[in-house]
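Trainee: I am new here and would like to learn to read this model. Could you walk me through it?

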Amino acid sequence: MSNVEKGLSEKEAIKRLEKYGYNELEEKKTSSLKILFRQFTNFIVWVLIGAAVISLFIDEIINFFVIVAITCFIIFLGFIQEYKAEKAIHALKEIIMPETTAIRDGRIRKIPTREVVPEDILILEVGDKIPADAKVLEGSLKVDESALTGESKAVKKSEGELIFAGTTIVYGKCKALVTATGMRTKIGEIAGIIQEVEKKTPLQIKIEQLAKKLAVVAFIACTTVFAIGTLKGAPVTEILVVALALAVASVPEGLPLTLTLTLSLGMHRMARHKAIVRKMLGVEALGSVTVICTDKTGTITKNEMTVEKIFVNDKIFNVTGIGYELNGEFLFNGKKIDINDEEDLILLLKAAVLCNNASIGKEVIGDPTEIALAVAAAKADLWKDNLEKEYRRVKEIIFTPERKMMTTLHEKNSERIAFIKGAPEVVLQRCRYVQKNGKILKLEKEEMERILDVNKNLSNSALRVLGIAYKTASEDIEEDLIFLGLAGMIDPPREEVKDAIAACRNAGIKVAMITGDNPQTARAVAEKVNLTVNKFENDKLNDKLRRIVKDEIITGSELDELNDEELESVVEDIVIYARTMPEQKLKIVRALKNKGHVVAMTGDGVNDAPALKKADVGIAMGVKGTDVAKETSDMILQDDNFATIVEAVRQGRTIYDNIEKFTCYLISRNFTEVILILLGIVLLGFEFLPLLALQILFINTFDEIMPSIGLGLDSPGKGIMTRQPRKLGEKILKKRNLVLIVCVAVFMATASFFVFLSNATINIEKARTLTFATIISMILFVPFSFRSLDESIIKAGILTNRLLIVGVTCTFLLTLSVMYIPFLQKIFELATLSLKDWIIPLSVALITLFFVEFTKFMTKTMD
């Protein structure tokens with residue numbers, strides 16, 4: 001049995017881990033066989049199987065075996081990529097492995113949740129997802145057990161009662177003894193209900209629908225050709241050969257594969273930038289974000305609070321030292337003081353460290369504000385562990401956003417003392433006395449106003465200010481308090497945030513700061529990162545709005561005065577929401593969405609979950625975020641950094657741009673082949689096909705996939721963060737892209753047809769080979785033009801996408817092997833070309849490049 005104060009030893013914990021196993025549920029992993037069968041849900045595969053059946057029916061045995069081989073290759077390639085994607089998603093889940101606070105070897109530590117073992121002593125508080133079944137040893141709390149029971153009402157738990165894995169603490173805190181872990185927990189018995197299924201995103205569905213539409217086009221084309229051929233009296237065999245060629249030409253074999261690869265590797269790129277995407281839907285929405293609503297603390301700032309000033313006994317003391325370093329001095333008027341000469345200051349520091357749940361031993365654990373107070377006390381050689389032996393804690397009234405204060409009751413000898421800290425205005429309202437020079441004096445109204453003025457001045461200096469008080473009593477411990485003083489601390493902005501906000505401004509993305517701090521502190525921090533707050537100017541505002549909204553900053557209480565319609569009328573202009581409650585975030589998100597915005601919302605607490613879920617992109621904090629917030633979110637920031645959000649938006653835009661590029665490229669290639677075949681049928685008849693089915697299939701499978709993957713994994717374009725956000729739900733094949741695809745396809749098909757026509761009557765096999773070489777040569781140049789659908793090939797860069805260069809080079813070498821290795825020549829019915837013969841294909845391909853560039857320029861302003 002573990003000791004309640006010391007917990008398990010590390011040695012005992014390891015033994016128990018070996019005995020009971022990891023604290024995790026048996027995950028229903030997707031088997032390799034299931035991934036393989038999933039490849040047959042690809043509509044394109046069935047089109048190719050149909051083509052193979054036609055080949056067998058018309059006695060084209062070589063065609064049959066080659067199409068079967070290529071179909072197997074596509075299935076194999078799809079299987080490999082999906083298998084890797086499954087592994088990648090599992091790896092991302094490992095990165096965001098949750099942690100639990102436990103007592104090991106007498107120290108409070110953060111341990112991986114999966115390493116919790118029976119008889120571990122856990123320390124749990126609001127927002128924690130309970131990691132294992134356990135018995136409450138100390139404390140009182142309320143637990144949301146809806147994951148187990150389906151009941152939404154929180155259940156009160158007290159000492160001796162059981163709490164269960166998978167449920168969430170919504171109020172209070174406790175110390176608990178683990179009774180069961182992993183599959184032995186209550187939720188382990190019904191583990192199947194929490195298996196999360198990754199649904200297909202709208203973009204994936206659109207791509208699949210597009211592939212099906214193209215297959216329908218192929219079917220219509222084949223049916224039309226079959227009807228024309230029958231009317232003309234063409235042999236059935238010839239008609240089926242043409243139909244086979246058309247079917248193969250219409251299908252973009254590389255489209256689903258390239259999409260899967262682009263999304264999965266895109267998520268990995270984001271992970272390298274500290275943004276873990278939990279749902280692929282988040283990747284798509286990121287590219288459309290128009291407003292980022294961000295927390296201030298820890299996201300815009302460093303979340304390393306440091307006490308800089310202390311107001312006590314009508315004096316303001318400066319405290320040196322930065323962050324959580326324990327070295328520092330206390331200064332008055334720039335001179336170092338002897339802390340022992342300042343009785344009231346010592347009492348304030350004692351109150352600050354005792355009304356505190358932070359730990360600053362070998363491992364810093366706790367709320368940043370409380371850590372800052374504990375560090376300040378440590379600089380005066382006042383250590384929490386030592387003080388708690390002298391002042392034994394007997395009760396705690398926890399801080400909540402509604403109360404805005406925290407109280408602890410301690411026992412020293414036979415005397416009971418309550419220490420209180422909280423928002424200065426809240427604490428002062430409960431104070432009747434003030435302590436100065438060791439004496440307790442009545443707190444007069446003038447004195448209170450003077451303290452509030454000091455508080456305002458400190459707040460205007462971007463300091464977060466806490467009021468600290470105490471009372472010697474055991475009843476009504478939060479009334480008639482004795483005011484001690486103010487502690488002003490700063491959380492400096494992250495250095496990279498200023499540039500990130502500027503990047504948002506250039507990208508047409510509005511940034512709104514949401515904080516629980518007062519307006520003065522929020523404004524000061526905003527100014528440091530160039531988040532400008534201007535005077536509100538809107539002649540259309542009614543009298544009520546003019547009274548409330550004087551500038552682009554609004555408080556939570558003012559927000560409550562506005563109805564939905566009134567908020568919507570000003571929400572696009574508000575820059576800072578100060579003194580807000582987490583629940584008010586939902587109201588802000590709704591108002592912005594009703595105005596047509598795509599909203600990214602950050603959050604870390606239990607109460608943030610509804611807003612995270614409602615937002616188009618819910619972003620949870622990886623460092624300070626609760627389990628509930630993380631599970632509700634679309635994305636988790638590993639470093640809680642605002643700049644990471646902006647980088648994620650950049651990557652999201654890049655992924656969508658790349659999907660748009662390779663989709664346009666692939667479809668233009670497929671349309672080229674379809675138009676080419678139709679030109680041959682209409683103008684030359686069924687016996688003069690410019691390309692055979694196998695030649696088309698080779699181009700589609702091998703020569704198009706590698707360049708399209710190069711486009712799918714392209715790096716961000718130069719101007720990607722200087723344009724307005726894309727509209728959510730915008731079609732990939734919008735009007736401009738369709739015109740571009742059709743124009744390019746018609747030109748490439750016509751040019752290839754004339755190459756075929758110039759040699760068809762002399763040598764049909766050589767004519768097809770020249771046509772084949774022309775289309776392959778286009779692959780050498782055209783993909784580079786598709787690197788940007790807006791910028792010229794020169795601006796986009798020719799040599800900056802190494803993967804595309806490698807893909808194009810490999811494609812060309814592979815094609816040469818098919819054209820010059822004798823047995824492959826025979827299979828694909830190709831002739832040998834001389835160096836002189838290559839002049840025409842290469843020249844036509846170069847002219848095509850200029851045409852694509854011209855078409856891009858002419859259609860640039862269409863949408």
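Mentor: Gladly! Let us begin with a definition: a residue is buried under 20% relative accessible area, exposed over 50%, and partly exposed in between, with a 1.4 Å probe and protein chains only. Residues are numbered from 1 along each chain as its sequence is written, and side-chain values use heavy atoms, with hydrogens and water left out. This is a predicted model, where local features need pLDDT of at least 70 and side-chain atom pairs count only at pLDDT 80 or more, while totals for chains, interfaces and linings use all residues.

Trainee: Thank you. Is phenylalanine 698 buried or exposed?

Mentor: Let us apply the cut-off, under 20% for buried. Phenylalanine 698 has a relative accessible area of 3%, so this residue is buried.

Trainee: How many aromatic pairs are there?

Mentor: Rings of Phe, Tyr and Trp (its six-membered ring) pair if their centres lie within 6.5 Å; planes under 30 degrees apart are stacked, over 60 edge-to-face, and the rest tilted. By this rule, the number of aromatic pairs is eight.

Trainee: Which kind of aromatic pair do tyrosine 391 and phenylalanine 419 form?

Mentor: Their centres are 6.0 Å apart, and there are 70° between the planes. With planes over 60 degrees apart, the name for this pair is edge-to-face.

Trainee: How many residues apart in sequence are the parts that this pair of tyrosine 391 and phenylalanine 419 ties together?

Mentor: Helices (H or I, at least four residues) and strands (E, at least two) are DSSP runs, numbered from the N terminus. Tyrosine 391 is buried at 6% relative accessible area, and phenylalanine 419 is buried at 1%. Tyrosine 391 sits in the loop between helix H13 (384–390) and strand S16 (392–397), and phenylalanine 419 in strand S18 (residues 415–422), so the parts they tie together are apart in sequence by 28 residues.

Trainee: Back to phenylalanine 698: how many residues apart are phenylalanine 698 and phenylalanine 828?

Mentor: These two form an edge-to-face pair, 5.4 Å centre to centre with 70° between the planes. Phenylalanine 828 counts as buried at 8% relative accessibility. Phenylalanine 698 belongs to helix H25 (residues 693–703) and phenylalanine 828 to helix H31 (residues 822–828), so the pair links distant parts of the chain, the separation being 130 residues.

Trainee: Which residues form one aromatic cluster with Phe698?

Mentor: We have already met Phe828 as a partner of Phe698. The cluster joins Phe698 with Phe828 and Phe772.

Trainee: Let us turn to charges. How many salt bridges are there?

Mentor: A salt bridge is a side-chain nitrogen of Lys or Arg within 4 Å of a carboxyl oxygen of Asp or Glu. Among the residues linked in a network of salt bridges are Glu10 and Arg104. By this rule, the count of salt bridges is 34.

Trainee: Which residue forms a salt bridge with glutamate 396?

Mentor: Glutamate 396, in strand S16, is partly exposed at 23%. Its partner lies in strand S7 (residues 168–180), 223 residues apart from glutamate 396, and is partly exposed at 21%. The closest N and O atoms are 3.4 Å apart, and the partner is lysine 173.

Trainee: About how many helical turns separate glutamate 447 and arginine 450?

Mentor: Their side chains meet in a salt bridge of 3.4 Å, N to O. Glutamate 447 counts as buried at 14%, whereas arginine 450 is partly exposed at 34%. They are three residues apart in helix H15, so the separation is about one helical turn.

Trainee: Is glutamate 446 buried or exposed?

Mentor: Glutamate 446 is found in helix H15 (residues 445–460). At 58% relative accessibility, which is over 50%, glutamate 446 counts as exposed.

Trainee: What is the distance in space between proline 98 and proline 112, C-alpha to C-alpha?

Mentor: Proline 98 lies in the loop between helix H4 (61–95) and strand S1 (99–104), and counts as partly exposed at 29%. In sequence, proline 98 and proline 112 are 14 residues apart, while in space, C-alpha to C-alpha, the distance is 6.1 Å.
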